[in-house]
Amino acid sequence: MFPRPIAQRSRAAQLTYQALLPVALILWLLPLLGIAMTSIKPSSDLAAGNYFGLPTHIAIENYWTVLFDFDLWKYIRNSFIVTIPTVIGSVALSCLTGFALGIYRFKGNLLIFFMFVAGNFVPFQILMVPVRDLTLNLGMYNTPQALILFHIAFQTGFCTLFMRNFIAALPRELIEAARVEGVAEWRIFWFVVLPLMKPAIAALSVLIFTFIWNDFFWATVLTTSAETRPVTAGLSSLNGQWVAAWHLVSAGSIVAALPPVAMFFLMQKHFIAGLTLGAVK
């Protein structure tokens with residue numbers, strides 16, 4: 001069912017793998033390298049049609065322009081305002097729902113779990129008009145609160161799927177032993193289950209942070225002004241009506257990608273532990 005590890009294959013297969021791996025890596029990184037190259041090109045290079053060649057000189061001032069002249073840092077601040085509460089809210093709610101659905105066996109358990117999961121299969125485009133109308137009726141359109149509440153509501157389904165499966169795999173003997181000792185249910189959650197969930201919480205936090213930070217669709221639909229738009233939607237303002245400032249857009253994209261990349265490397269150990277926990281007995 002599963003392919004054999006490359007170390008167990010023939011010598012020819014191993015040599016082919018070693019030869020094709022760098023090629024695949026270069027192809028994978030080629031768009032990122034192209035964006036990085038464009039970000040340090042002067043506007044004169046792009047005006048002259050130098051899209052794929054080396055820059056005539058390194059225009060590091062492009063980064064200064066997008067950060068301070070264009071005020072990209074304000075859009076980055078807006079992204080943090082939206083992303084951090086969303087991660088905290090969705091992960092906290094999923095810990096509670098995952099505990100309830102993973103520990104307790106009651107009639108309708110699978111139905112409630114299915115309702116959480118089913119929301120993830122609804123296309124965003126179908127929700128665009130009703131969600132926009134709802135935020136307008138509530139007076140929350142073009143506010144960070146609208147984005148935060150929607151993302152928490154929508155991401156909680158995926159987070160519940162993740163947490164419920166993780167908690168259901170924990171040894172039930174720990175729960176039963178705590179109940180025999182007369183420990184209250186909320187103390188079981190706080191002192192027994194929650195400490196065991198730290199790797200899963202770390203992995204889920206990195207995933208949700210990346211999802212929300214990179215969101216462009218809802219950032220465009222639910223916000224219109226520079227005071228509230230996240231960085232993904234704000235980058236589109238770098239292009240004028242008649243001229244596309246691709247060197248500035250590329251520089252802004254590199255800067256905007258740094259926070260999720262930094263978070264991944266800071267949480268790499270916990271992220272990998274959370275994803276692989278339970279994979280090996």
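Q: What makes two residues count as being in contact?
A: Contact means heavy atoms within 4.5 Å. Set V231 against that, skip its neighbours within four places in sequence, and V231 is in contact with L72, Y75, I76, S79, W213 and A256. By the way, this is a predicted model, where local features need pLDDT of at least 70, side-chain atom pairs count only at pLDDT 80 or more, and totals for chains, interfaces and linings use all residues. Residues are numbered from 1 along each chain as its sequence is written, and side-chain values use heavy atoms, with hydrogens and water left out.

Q: How do you know where confidence is lowest and where it is highest in the chain?
A: Look at pLDDT, the predictor's confidence in each residue, from 0 to 100. Helix α14 (residues 268-276) is lowest, at a mean of 65, and helix α4 (residues 72-103) is highest, at 93. For the chain, the mean is 87, and 94% of its residues reach 70 or more. Where pLDDT is low, don't read the predicted coordinates in detail.

Q: What makes a set of residues a nonpolar core?
A: Its members are buried Ala, Val, Leu, Ile, Met, Phe, Trp, Tyr and Cys residues, joined through side-chain atoms within 4.5 Å; buried means under 20% relative accessible area (1.4 Å probe, protein chains only). The largest one here has 53 residues, and V231 is among those with the most contacts inside it, as are L72, I167, V193 and M197. Helix α7 gives the most to this core, with 10 residues.

Notes. Helices (H or I, at least four residues) and strands (E, at least two) are DSSP runs, numbered from the N terminus. Buried means under 20% relative accessible area, exposed over 50%, partly exposed in between (1.4 Å probe, protein chains only).
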